Amino acid sequence: PTELSHLITLPFQPGVENAVNGDHLWMETSCSGELCYLGEDTCVQMLQKIPPLSYYTRKCAACKIVVHTGCMEQLEKINFRCKPTFREGGSRTLRDNILRHHWVHRRRQEGKCRQCGKSFQQKFFHSKEIIAISCSWCKQAFHNKVTCFMLHQIEEPCSLGAHAGVIVPPSWIIKVRKPQNSARRKKRTSFKRRTSKKGLDESKWRPFMLKPLPSPLMKPILVFVNPKSGGNQGAKVLQMFMWILNPRQVFDLSQGGLREALELYRKVPNLRILACGGDGTVGWILSALDELQMNPQPPVAVLPLGTGNDLARTLNWGGGYTDEPVSKVLCHVEDGSVVQLDRWNLLVEKSSAQPEEGTQKLPLNVFNNYFSLGFDAHVTLEFHESREANPEKFNSRFRNKMFYAGVSVPDDFLSFLFPCLSQCDGTDLTPKIQELKFQCIVFLNIPRYCAGTMPWGNTGDHRDFEPQRHDDGCIEVIGFTMASLAALQVGGHGERLHQCREVVLTTYKTVPVQVDGEPCRLAPSTLRISLRNQANMVQKSKRRTSVPLLNDPHAVPDRLRLRVNRISLQEYDRLQYDKERLRDISIPVGIVVVRGDCDLETCRLYIDRLQEANVLCCITACSFSAATSADRFYRIDKAQEHLHFVTEICQDEVFILDHETPVASQGSSTGMPDLVVEPTASDLAEATSFCSQPHPAF
């Protein structure tokens with residue numbers, strides 16, 4: 001209801017002047033079955049026996065307590081504050097700057113007790129009994145017993161836990177007192193330099209400032225989340241990062257404040273930025289970094305929440321976020337290598353001819369991925385206009401892709417001859433473009449395009465051209481007919497035209513164009529493409545070649561014997577937080593034996609062979625699901641399989657996720673092989689040949 005809207009606290013923004021340390025970050029929640037944090041003795045709803053639907057519940061994103069809206073006033077009375085996220089400017093003593101644990105009672109807790117090592121008792125229904133005490137910062141948890149949790153631990157300093165290297169400590173963020181109004185000050189009789197300087201300081205006053213303590217061991221991460229990207233996945237991701245990190249290093253881009261946040265953190269050493277959204281979100285952040293001229297420029301990592309995510313694929317972040325724990329994402333951002341990304345200027349000089357009705361201004365004058373004109377831009381424009389008219393119909397990545405597949409071909413494209421591409425490093429490509437009757441021309445900066453396709457072709461088949469790179473200062477020019485554009489989805493590529501550093505393109509009629517996925521109808525113009533600069537990006541790194549087992553930090557076995565199990569997508573969605581139950585209902589497929597340093601991409605090869613040997617195991621689309629977190633399974637994107645070694649995620653069994661509902665009686669067929677062993681060195685050539693052929697996707 002609208003009368004409760006004021007209770008919802010927005011995530012921290014740099015311009016908030018009335019921020020109070022310890023305020024909870026209340027979010028809407030569907031946790032209707034969870035008990036109020038106040039308990040039976042204090043909860044207003046329980047004491048007055050009010051029906052559950054009469055009170056709405058809110059959950060704090062920073063400390064994860066749940067309370068009824070009617071109990072918030074009572075929560076204030078008992079003075080239960082959220083974890084501190086900054087320090088007041090007046091605190092000068094060392095004691096004021098020490099971060100202490102923020103202990104919270106829990107009625108449900110995953111994992112094991114830090115003291116006794118025993119698991120916390122889990123009940124099917126929410127328990128009224130407090131079973132654990134955990135810290136909202138370092139995530140340490142203890143049984144609610146005097147033998148496990150000692151009183152002296154209440155005042156112990158907190159280390160911030162496993163992610164201390166990326167968390168911005170509250171002691172770094174200082175709330176600045178607002179200067180007194182000049183009208184209230186005593187009037188001065190002389191005109192000194194101090195007066196004008198004071199006035200300048202007032203105009204540049206900000207409510208917060210940062211005083212970081214440099215350390216080579218720290219790589220603080222500044223997180224920007226676009227909650228509208230990828231079917232509104234960002235709203236959930238936002239809350240997960242606020243739980244793991246300091247909420248004041250997590251920003252909601254829909255609330256503004258991008259430039260202010262970057263200015264606030266510009267002096268933080270070893271700063272890294274995590275952009276949670278689509279390729280457009282990344283471009284937005286890079287443009288803001290250009291405007292601020294930060295030196296050195298912090299490298300940008302990507303958590304792909306959009307539809308295409310071509311830049312994320314190029315940098316090994318995958319084609320889309322599934323449900324990987326954000327704690328693991330933070331580890332990848334911290335460990336990733338810094339690479340350069342070319343960025344290109346796009347200048348437009350409009351023709352003197354009268355533009356047609358419906359033409360628009362170019363949406364961006366800088367691009368990172370590609371600039372294209374023709375049929376592909378027409379499809380993107382149709383999608384953009386349909387989403388603007390009916391946003392509720394485009395709330396998932398799958399629906400978005402289905403729309404792209406259903407766009408029809410307009411009649412005028414069948415006979416469309418592109419206008420002159422006058423210069424490409426001085427070479428005139430107009431005759432070739434008109435001869436081959438291209439319906440689309442793409443100026444490509446990165447290898448990926450159109451949700452993961454590779455229009456430049458395989459890296460080993462370039463003939464007269466150099467292999468494509470995103471940091472070589474060259475842009476690839478590719479032409480497409482309708483047939484070659486359709487063949488992209490099955491491994492085809494376009495006609496390679498040129499690799500150049502400067503392009504001059506002239507159009508003589510209104511054409512659809514797109515800049516990094518932002519489409520428009522462009523009037524007849526002359527366009528000039530030139531190199532702008534290079535941005536620092538974080539590329540997800542492949543793990544070390546000698547990856548230890550999960551429970552043995554030293555040994556890497558020569559061979560791994562893995563049981564392969566299959567689980568359906570429906571059961572996975574329902575039971576991903578109940579590992580034991582999900583393991584019990586999984587369907588055995590067989591056993592594979594692989595090398596100890598085998599990655600998931602190689603492991604897929606032998607699981608495919610295992611399924612071919614078993615007639616009853618016919619799966620059309622699957623993905624790996626690995627037990628790598630303490631409390632649940634999570635999926636691994638197909639595009640990232642080569643980045644994960646088997647020993648990183650499992651020890652004796654691996655799970656594959658079946659997107660089709662399996663028959664309950666499926667299993668290893670009697671008399672059929674249920675064991676596949678990795679071949680010896682003499683068979684590697686055959687294995688490599690098999691791996692290059694199309695096979696079912698995990």
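Which residues is methionine 537 in contact with, leaving aside its neighbours within four places in sequence? The close-ups below take up this and other spots in a predicted model.

**View 1. Methionine 537 and its contacts.** Leaving aside neighbours within four places in sequence, methionine 537 is in contact with Val282, Leu286, Pro299, Val300, Val302, Leu311, Leu315, Ser337, Val338, Val339 and Leu341. Apart from the largest nonpolar core lies another core, of 27 residues, with Leu562, Tyr572, Cys603 and Leu657 among them.

**View 2. Members of the largest nonpolar core.** This core has 99 residues. Those that touch the most other members are Ile65, Phe224, Phe241, Leu262, Tyr265, Leu274 and our friend Met537.

**View 3. Helix H8, residues 279-292.** Try a little arithmetic here: at 1.5 Å a residue, the 14 residues of H8 should span 20 Å, and the end C-alpha atoms are indeed 20 Å apart, so the two values agree. Because 10 of these 14 residues are buried, H8 is largely enclosed by the rest of the structure. Val282 and Leu286, which you met as contacts of methionine 537, are among the buried residues of H8, as are Ile285 and Leu289. Just after H8 comes glutamine 293, with a positive phi near 50 degrees.

**View 4. Histidine 101 in its loop.** Look for histidine 101 in the loop between helix H3 (94-97) and strand E5 (103-106). Its relative accessibility is 11%, and because buried means under 20%, histidine 101 counts as buried. The side chain of histidine 101 reaches the backbone oxygen of proline 157 at 3.4 Å. Not counting residues up to four places away in sequence, histidine 101 touches Cys135, Cys138, Gln140, Gln153, Glu156, Pro157 and Cys158.

Terms used:
Residues are numbered from 1 along each chain as its sequence is written. This is a predicted model: local features need pLDDT of at least 70, side-chain atom pairs count only at pLDDT 80 or more; totals for chains, interfaces and linings use all residues. Side-chain values use heavy atoms; hydrogens and water are left out. A nonpolar core is a set of buried Ala, Val, Leu, Ile, Met, Phe, Trp, Tyr and Cys residues joined through side-chain atoms within 4.5 Å. Buried means under 20% relative accessible area, exposed over 50%, partly exposed in between (1.4 Å probe, protein chains only). Contact means heavy atoms within 4.5 Å. Helices (H or I, at least four residues) and strands (E, at least two) are DSSP runs, numbered from the N terminus. A polar contact is a pair of N or O atoms within 3.5 Å; within protein, one must be able to donate a hydrogen and the other to accept it, and residues adjacent in sequence count only if both atoms are side-chain atoms. The expected span of a helix is 1.5 Å times one less than its number of residues.
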